[in-house]
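Please take me through this structure as a tour in the viewer, saying at each stop what to select and what is to be found there.

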Amino acid sequence: QVELVESGGGLVQPGGSLRLSCSFLGNIFSAYVMGWYRQAPGKQRELVAQITSGGSTNYVDSVKGRFTSSRDNAKNTVFLQMNSLKPEDTAVYYCNALGNTINTRGMVYWGQGTQVTVSS
């Protein structure tokens with residue numbers, strides 16, 4: 001069983017920065033691709049960033065150059081550094097773990113979500 005615990009959300013002015021953290025509680029952090037999703041009111045949940053155990057990343061076009069995902073495999077933690085925030089980044093951000101080994105394929109876990117509000 002895996003539990004994901006997010007932290008770091010809050011209210012920030014446009015142009016500001018926030019850093020989200022997600023602690024992975026469970027076994028074999030490296031067996032999962034870690035992702036950040038977000039869901040704004042009235043919109044579908046969308047993938048924002050993903051990072052493999054080896055550190056390869058991909059981002060949705062709207063955040064490229066502004067957001068950076070990283071992971072500390074020794075501390076079982078994944079981060080999302082968000083810079084140059086815009087009002088349209090306002091959403092609940094969710095941490096996601098997607099199993100990608102023989103033993104974890106098909107396993108998906110979600111965090112509880114953390115609110116990010118970008119407003120002046």
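## Strands, rings and charges

Begin by selecting Ser21 and then the residue across from it, Phe79 in β8, since these two stand opposite each other. The model is a predicted one, and that should be kept in mind at every stop.

Now widen the selection to the two strands concerned, β3 (residues 18-25) and β8 (residues 77-82), which pair in the antiparallel sense over six bridges. Adding their neighbours shows an open sheet of four strands, ordered β1-β3-β8-β7, with antiparallel pairing. Its edge strands are β1 (3-7) and β7 (67-72), each of which pairs on one side only. From one strand to the next, the twist averages 15 degrees.

The next stop concerns aromatic rings, of which a search of the whole structure finds five pairs. Select Phe24 and Tyr32, whose ring centres are 5.3 Å apart and whose planes meet at 55 degrees, so that the pair is classed as tilted. Is Phe24 buried or exposed? Its relative accessibility is 3%, so Phe24 counts as buried, and Tyr32, also at 3%, counts as buried.

Keep Tyr32 selected and add Tyr109: these rings have their centres 6.1 Å apart and their planes at 65 degrees, which makes the pair edge-to-face, because planes over 60 degrees apart are classed in that way. Tyr32 belongs to strand β4 (residues 32-39) and Tyr109 to strand β10 (residues 108-110), so this pair ties together parts that are 77 residues apart in sequence. Tyr109 has a relative accessibility of 16% and therefore counts as buried, the limit being under 20%. To see the cluster that the ring pairs link, select Phe24, Phe29, Tyr32 and Tyr109 together.

From the rings, turn to the charged side chains. Side chains of opposite charge can pair when their charged atoms come close. A search of the whole structure finds four salt bridges, and a good place to start is Arg38. Which residue forms a salt bridge with Arg38 at 2.7 Å between the closest N and O atoms? The partner is Glu46. Arg38 is buried, with a relative accessible area of 6%, whereas Glu46 is partly exposed, with a relative accessible area of 30%.

Then add Asp89, which also forms a salt bridge with Arg38, the closest N and O atoms being 2.9 Å apart. Because Asp89 lies in the loop between β8 and β9 while Arg38 lies in strand β4, the pair ties together parts that are 51 residues apart in sequence. Asp89 counts as buried, as its relative accessibility is 1%. Extending the selection to Arg66 completes one network, in which salt bridges that share partners join Arg38, Glu46, Arg66 and Asp89.

For another salt bridge, select Asp61 and Lys64, whose side chains meet at 2.9 Å, N to O. Asp61 counts as exposed, because its relative accessibility is 61%.

The last stop is on the surface, where Leu98, Val108 and Trp110 should be selected together: they form a nonpolar patch with about 240 Å² of accessible area together. Leu98 lies in strand β9 (residues 91-99). With a relative accessibility of 33%, Leu98 counts as partly exposed, because that class runs between the 20% and 50% limits.

How values were computed
Residues numbered from 1 in each chain as written. Predicted model: local features only at pLDDT ≥ 70, side-chain atom pairs only at ≥ 80, totals over all residues. Heavy atoms only, no water. Pairing = 2+ DSSP bridges. Axes fitted to C-alpha atoms, helices over the stretch in contact; angles between N-to-C directions. Patch = residues over 30% accessible without salt bridge, like charges linked within 9 Å, V, L, I, M, F, W, Y side chains within 5 Å. Areas by Shrake-Rupley, 256 points an atom, 1.4 Å probe, with all protein chains shown as cover. Buried < 20%, exposed > 50% of the residue type's maximum accessible area, 1.4 Å probe, protein only. Phe/Tyr/Trp six-rings, centres within 6.5 Å; stacked < 30°, edge-to-face > 60°.
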